[in-house]
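Hi everyone, thanks for coming. I'd like to walk you through a structure that's new to most of us, so let's get it up on the screen.

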Amino acid sequence: MNIRNVLHSGDVVRFHNHVGIDKQKTSEHQWGVALIVEHIYPEGSKALLLAALTHDAAEYYMGDIPAPVKWDNPELKRMLQQMERKWEERNGVDFDLHEDEHRVLKMADTLEGMWFCVHQVRMGNINAKRPFRKWRTFFHDTFSGYQEKYPKAFQFYSNLIQEMEEL
């Protein structure tokens, strides 16, 4: 592992393109994702937890490309994924996960983004409602068939929706 690059990757800033939302370092985000992974899928492997702690490390090289840009441009998303994979391989953060673990990682990544937005709205940053709605739609559209398999993830998801509606 290229520990220096991986450690530096934690200083990349998320939400740089959102006005009225506090910025978040990737280290804060990845830590949150790891905690959510452990909460919703406690049988996960060490590799899954390490992947959660480093899943955005390639942003040190690439920057943080906002999710909606990738969602709207599948070819760009594919190219970025290839570049990220190469960086991860060169820097020793390419973990071998099975299909369930990949899914859980993406669920936790989305849930952490939603949680961050709820936290921001609680602090008065109402502009965080927009990315929350996008993540809510993404989570529903991508994972709706997995409620029985990951009940803790869907309970957390429901709680976040309820909290946002109460704000």
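Let me start with a question: is Arg103 buried or exposed? Arg103 is buried, with a relative accessible area of 11%. By buried I mean under 20% relative accessible area, while exposed is over 50% and partly exposed is in between, using a 1.4 Å probe and protein chains only.

Quick housekeeping. This is a predicted model, where local features need pLDDT of at least 70 and side-chain atom pairs count only at pLDDT 80 or more, while totals for chains, interfaces and linings use all residues. Residues are numbered from 1 along each chain as its sequence is written, and side-chain values use heavy atoms, with hydrogens and water left out.

Back to Arg103. Its side chain meets that of Glu99 in a salt bridge, at 2.9 Å from N to O. The rule for a salt bridge is a side-chain nitrogen of Lys or Arg within 4 Å of a carboxyl oxygen of Asp or Glu. Both residues lie in helix α7, four residues apart, which is about one turn of the helix. Helices here are DSSP runs of H or I with at least four residues, strands are runs of E with at least two, and both are numbered from the N terminus. Glu99, unlike its partner, counts as exposed, at 60% relative accessibility.

Next door in the sequence there's Asp100, which forms a salt bridge with Lys149, the closest N and O atoms being 2.9 Å apart. That pair links distant parts of the chain, 49 residues apart: Lys149 is in the loop between α8 and α9, and Asp100 is in helix α7. Asp100 counts as buried at 18%, and Lys149 is partly exposed at 48%. Put the four together, and Glu99, Asp100, Arg103 and Lys149 are linked in a network of salt bridges.

Another one to look at is Arg122 with Glu163, at 2.3 Å, N to O. Arg122 lies in helix α7 and Glu163 in helix α9, so this pair ties together parts that are 41 residues apart in sequence. By the same rule, the count comes to 10 salt bridges.

Now, helix α8. This one covers residues 129-143, so 15 residues, and reaches 21 Å from first C-alpha to last, close to the 21 Å expected; the expected span is 1.5 Å times one less than the number of residues. Which residues of α8 are buried? They are Pro131, Phe132, Trp135, Phe138, Phe139 and Phe143. Looking down the axis of α8, they fall within an arc of 125°, so they line one face of the helix. That arc is taken from the directions from the helix axis to the C-beta atoms. They pack against β1, α5, α7 and α9.

Take Phe139 from that group: at 0% relative accessibility, Phe139 counts as buried. Leaving out residues up to four places away in sequence, Phe139 touches Met107, Thr110, Leu111, Ser144, Ala153, Phe154 and Tyr157, where contact means heavy atoms within 4.5 Å.

Last stop, the surface. Trp31, Leu35, Leu50 and Leu53 make a nonpolar patch of about 380 Å². The elements giving two or more residues to that patch are α2 and α3. Leu35, for one, lies in helix α2 and counts as partly exposed at 45%.

That's my tour, thanks for listening!

Terms used. Patch = residues over 30% accessible without salt bridge, like charges linked within 9 Å, V, L, I, M, F, W, Y side chains within 5 Å. Areas by Shrake-Rupley, 256 points an atom, 1.4 Å probe, with all protein chains shown as cover.
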